[in-house]
Amino acid sequence: MDTEELVYLYYCHISPLSCCQGSDSELKVEKDGVSDNESKVDSGVPEVPVPPDDTPEVLNKALSGLSSRWKNWWVRGILTLAMISFFFFIIYLGPMVLMMIVLCVQIKCFHEIITIGYSVYHSYHLPWFRTLSWYFLLCVNYFFYGETVTDYFFTLVQREEPLRILSKYHRFISFALYLTGFCMFVLSLVKKHYRLQFYMFGWTHVTLLIVVTQSHLIIHNLFEGMIWFIVPISCVICNDIMAYMFGFFFGRTPLIKLSPKKTWEGFIGGFFSTIVFGIMLSYVMAGYRCFVCPVEFNNDSNSFQVDCEPSDLFQLQDYALPSVLESVTGWTTVRLYPFQIHSIALSTFASIVGPFGGFFASGFKRAFKIKDFANTIPGHGGIMDRFDCQYLMATFVNVYIASFIRGPNPSKVIQQLLALRADQQLHIFNSLKAHLIEKGLLPALEEAAA
C-alpha cells in the first residue's frame, strides 16, 4: 500500500462523508507529494447549484454598456435605495407591522440556510429532514412569542380564559412540543445515515439559535422604544454602505481572506462615517416621543401606544468639552442628548464588531462553495446576506440595554401584583406601608395629599 492510499484511508476515517461522494472527492496529492489541506477539507462538500442571474431585465438593458464592476455598483445602489425606502415605509406603519416584518425575515433567513443544507445532502434522501426542521422552527417561535405575549400583554391574557390557561402552562406545552419533535427525529434514524442525520439535527438547532433567538431579541429591543430598533439597524446599514463606497473607490489593502473584496480603507471609512451618522440620527430621533417612548399595549383601546414623558436619557443636557476640543472649537460646553453618548457605543460595535457577522457568513458560504445564501435581492444575494450583521447587532443592543439602561419597570410590577390572591396583595401592601413609614415617606405623602 503506497503513501497516497494511506492518506486516502486516513481521510475517509476522519471524514466518511467525503468518501461517500465517489471518485470526485478523492484526495488530490500535489506533484511534490504534499497534500493541499484546504482542498482535502473542502473536497467532501458537494457544491450547491449556483442560482442564475436574476437582475431585472430593465436594469440589464439600461446598464448593458457598463463593465461588470460598474454594473454591479449601480444594481446594488438602486436596490439599496429601494430597500431603504421600504424600511422607512414599514417604520411609518408602526410597531405591529415591524414585528410582522421581523417574523417574515426570520422565516426567510431560516429557509435559506436550511435550503443550503438540503441542497448539499438531498441525494441521501434523509427522512423527515425538512419536515422536522420546520416543526422545530414552529416550536421555538411558539415558545418565544408566547413568552413575549405573556410579558407585554399581561392584562389581555388574564382577561381571556383560554389565553390565561395557555399562559399558565406555556412552558410545559412548549417543552412537550419539542419533545414530540425530538422523538420523531429518533424514530427517523436510518442505520446507514446515523452520522449524517445527527449533522443535520445540529445544523437545524444552530440555525434556530442564530436566527430565531436573535430575531426575538430584535422584538424585545423594539418594545424598549423604536429608537433602540431603528438606530442600531440604521448604523449597520450605514456601515455596510459606506464601507462598500470607500472600498470601491479607495480600497487597495485586503482586510481578511474570508472576504477578499473587503479592504482596510473601506473598514476605516465605514467606521468614522457610522460614528458621525449615529450621533446625527440619534439627535434627530431623540426629540420625538413616538421614537423614544416604550411600545406598550393599551388594554382600553386594544392597540399599541407610544406616548410617555421622555426619560432623562432623552432630555438635552450640557456637557463640558475636554480642553483639547475646547481649544479647537472655542466652545466650553456642548448640548447633547445622553442617548447620543450611547449611540457612539452602538455605532462603534456596528462598525468594528458587526462586520464579523458578515465574515462569519462569508466563511460559511466559502465552506459550501456558494456566493450568496439565495438570489432574492439582485446584486445583494439573499435576505440572510443582508441580515448577517443585524442579528449580531441585535444581541449586543439587548445586552447593552439590560446592562446599562433598563431599570425596574413599575407597570410590570403592578401587573404581577394584580395577578396575586387578595391575601397576598394585602400582605405586600402592609409590608410596603411599613417600609414607607420607616423611611419617613408615608407621612410626607399623607400631608401632601391633605
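Gln197 is buried in this predicted model, with a relative accessible area of just 4%. The residue sits in helix α11, which runs over residues 194-223. What does the side chain of Gln197 reach? It goes to the backbone oxygen of Ser188, at 3.0 Å. Ser188 also turns up among the residues that Gln197 touches, along with Leu126, Pro127, Phe185, Leu189 and Val190, once residues up to four places away in sequence are set aside.

Ile114 tells a similar kind of story from helix α6, residues 95-121. Its relative accessible area is 3%, so Ile114 counts as buried. Leaving out residues up to four places away in sequence, Ile114 has Phe129, Ser133, Trp203, Thr204 and Thr207 as its contacts. Phe129 is 15 residues from Ile114 along the chain, and the two C-alpha atoms are 9.5 Å apart.

Stepping back to the whole chain, the protein has 21 helices and six strands. Of its 450 residues, 38% count as buried. Contacts between residues at least 6 apart in sequence were also tallied, and 69% of these join residues at least 24 apart.

As for helix α5, residues 68-93, its 26 residues should span 38 Å at 1.5 Å a residue, and the end C-alpha atoms come out 37 Å apart, so the two figures agree. The buried residues of α5 are a mixed bag: Trp73, Val75, Arg76, Leu79, Thr80, Phe87, Ile90 and Ile91. Right after the helix comes Gly94, with a positive phi of about 105 degrees.

The UniProt record, an unreviewed entry, places "transmembrane region" features at residues 128-145, 172-190, 197-219, 225-251, 263-286 and 339-361. Two of these stretches can be set against the model. Residues 225-251 are 93% helix and 0% strand, with the end C-alpha atoms 37 Å apart. Residues 263-286 come out at 92% helix and 4% strand, and here the end C-alpha atoms are separated by 34 Å.

Now for the nonpolar core. The largest one holds 77 residues, and the members that touch the most others are Ile227, Trp228 and Phe229. Which residues does Trp228 touch, not counting those up to four places away in sequence? The list is Asn221, Leu313, Phe314, Phe339, Leu346, Val397, Tyr400, Ile401 and Ile405.

Two of those contacts of Trp228, Phe339 and Leu346, are among the buried residues of helix α16. This helix covers residues 338-353, 16 residues in total, and reaches 23 Å from its first C-alpha to its last, close to the 22 Å expected. Besides Phe339 and Leu346, the buried set in α16 includes Pro338, Gln340, His342, Ser343, Ser347, Phe349, Ala350 and Ser351. What do the buried residues of α16 pack against? Their partners are the helices α12 (226-250), α13 (264-285), α17 (355-367) and α18 (383-405), plus the strands β5 (317-320) and β6 (333-336).

A search of the whole structure turns up one disulfide. It joins Cys293 to Cys308, with an S to S distance of 2.1 Å. The link is left-handed, at -95 degrees about the S-S bond. Cys293 lies in the loop between α14 (289-292) and β3 (296-298), and Cys308 in the loop between β4 (303-305) and β5, so the bond ties together parts that are 15 residues apart in sequence. Are the two ends buried or exposed? Cys293 is buried, at 0% relative accessibility, whereas Cys308 is partly exposed at 24%. Cys290 is another matter: its closest cysteine sulfur, in Cys293, is 8.4 Å away, which is too far for a bond. Cys290 is partly exposed, with a relative accessible area of 38%. Cys183 is partly exposed as well, at 43%.

One last backbone detail concerns Lys369, found in the loop between α17 and α18. Its phi is near 55 degrees, a positive value in a residue other than glycine. That catches the eye because most residues other than glycine have a negative phi. Lys369 is partly exposed, at 32% relative accessibility.

Terms used: Residues numbered from 1 in each chain as written. Predicted model: local features only at pLDDT ≥ 70, side-chain atom pairs only at ≥ 80, totals over all residues. Heavy atoms only, no water. Helix = DSSP H or I, 4+ residues; strand = E, 2+ residues; numbered from the N terminus. Expected span 1.5 Å × (residues − 1). Buried < 20%, exposed > 50% of the residue type's maximum accessible area, 1.4 Å probe, protein only. Contact = heavy atoms within 4.5 Å. UniProt positions renumbered as here; feature names shortened; annotations may be inferred. Core = buried A, V, L, I, M, F, W, Y, C linked by side-chain atoms within 4.5 Å. Polar contact = N/O pair within 3.5 Å; in protein donor to acceptor, adjacent residues only side chain to side chain. Disulfide = S-S within 2.5 Å.
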